[in-house]
Amino acid sequence: MDPVTALRRIAFLLERSQAATYRVKAFRTAAAVVDAMESGEAADRVAAGTLERVSGIGPRTAQVIREAQAGEVPGYLERLEDEAAAEPVPDTGRELLSRLRGDCHLHSDWSDGGSPIEEMGRTAAELGHEWAVLTDHSPRLTVAKGLSPERLREQLAVVERLNEEWAPFRLLTGIECDILPDGSLDQEPELLERLDVVVVSVHSKLRMDPAPMTRRLEAAVRHPQANVLGHCTGRLLSERGRQESRFDADRVFAACAEAGTAVEINCRPERLDPPRRLLGKAVEAGTLFAIDTDAHAPGQLDWQINGCARAEECGVPAERVVTTWPVERLLEWAG
């Protein structure tokens, strides 16, 4: 087994299980170091016992390299694969998952993601996506290194260059744009117009009273540049948790249906947003849907089955799921 492949696969599986960032980084760093070596250098260092003298390679990553270089499946990788195979898998969602073509919501290390744009795009393509949308945060979310207008313009140039190398896979330009308390969007209008897809989400004042929160969401989803309403209740199911934001779901989803703004089915295990009762309301309202991972690391791009299962359970029609659409149709809708 190729050592670089083994190290990257371990990092992917660790991310998928939401392991500590420092553990993931160790394997991604080692993969990059080995990938940059001259042909045969890794084998020579294995033979000489000097792997761990190289900056970026530690005892555990060196063991993986040695085992891979010997033609074995590294023991650590084998254990992680077994653990992944033993994880409970939703009974439903497989048919819808097979129809997905892309993902409208993912982050890179330009904001609060853990990996470079190149790693996120390459992994999306390896998973079989035809397209994916890069949606780093907007300026007001400083805790997540939100992109200023200047940094977003720089990112657009980077994505353009990468797409020249990646065809036919397409990385679309986008943003996860904060919905401000008055319902306006947190980015320059000219820049929003340049982006392929705009996800709008609430990240502040989540406990706002229901009436103003309803008006806030209605205004945002009716914005001409809004394409997807991200994790609409803002809830967190993790140990500390966070309660759902309160709003009139019937009014908000009616506004989404009227404006053509898709309701996100967020696949993160700690979000699974919206809850099933609200997902049913969105189906009844006639909205479009986007089944998105909200991935902050490459290994999390594999979470779409979570959303597909919930979509099938709640009767979401596949033809109303924009992430099943080819890129040309998606861009026509978003534009």
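## The chain as a whole

Of the 335 residues in the chain, 55% are buried, where buried means under 20% relative accessible area with a 1.4 Å probe and protein chains only, exposed means over 50%, and partly exposed lies in between. This is a predicted model, so local features need pLDDT of at least 70 and side-chain atom pairs count only at pLDDT 80 or more, while totals for chains, interfaces and linings use all residues. Residues are numbered from 1 along each chain as its sequence is written, and side-chain values use heavy atoms, with hydrogens and water left out.

The secondary structure comes to 14 helices and six strands; these are DSSP runs numbered from the N terminus, with helices being H or I of at least four residues and strands being E of at least two. The radius of gyration is 21 Å, which agrees with the value near 20 Å for a compact globule of 335 residues. That radius is taken over C-alpha atoms, and the globule rule is 2.2 Å times the number of residues to the power 0.38. Along the principal axes, the C-alpha atoms fill a box of roughly 70 × 45 × 40 Å. Of the contacts (heavy atoms within 4.5 Å) between residues at least 6 apart in sequence, 75% join residues at least 24 apart.

## Strand 3 and its partners

Now look at strand 3, residues 197–201, where five of the five residues are buried. In a regular strand the side chains alternate between the two faces of the sheet. Here Val197, Val199 and Ser201 lie on one side and Val198 and Val200 on the other, and both faces are covered.

Strand 3 runs parallel to strand 2 (residues 170–178), and five bridges join the two; strands pair if DSSP finds at least two bridges between them. One residue to find is Val199, which stands opposite Glu176. From strand 2 the chain passes through helix 9 (residues 189–194) to strand 3 in a right-handed β-α-β crossover. Right-handed means that, with the strands pointing away from the viewer, the path from the first strand over the helix to the second runs clockwise.

Strand 4 (residues 228–229) is also parallel to strand 3, with two bridges joining them. Val199 appears again here, with Val228 as its bridge partner in strand 4. The chain travels from strand 3 to strand 4 through helix 10 (residues 210–221), and this β-α-β crossover is right-handed.

## A leucine in helix 10

Leu217 lies in helix 10. Leu217 counts as buried because its relative accessibility is 1%. Setting aside neighbours within four places in sequence, Leu217 is in contact with Ile179, Val202, Leu229, Phe247 and Val252.

## Helix 4 and its neighbours

Helix 4 spans residues 59–69, and its buried residues include Thr61, Val64, Ile65 and Ala68. An α-helix has 3.6 residues a turn, so residues three or four places apart point the same way. The buried residues of helix 4 pack against helix 1 (3–16), helix 2 (21–35), helix 3 (41–48) and helix 5 (75–86). Just after helix 4, Gly71 takes a positive phi of about 85 degrees.

## Rings and charges

The chain has three aromatic pairs, counted when ring centres of Phe, Tyr and Trp (its six-membered ring) lie within 6.5 Å; planes under 30 degrees apart are stacked, over 60 edge-to-face, and the rest tilted. Trp325 and Trp333 form an edge-to-face pair, 5.9 Å centre to centre with 90 degrees between the planes. Both tryptophans, Trp325 and Trp333, are buried.

The charged end of Arg329 sits over the ring of Trp325, 3.9 Å from its centre. For this, NZ of Lys or CZ of Arg must be within 6 Å of the ring centre and within 35 degrees of the ring normal.
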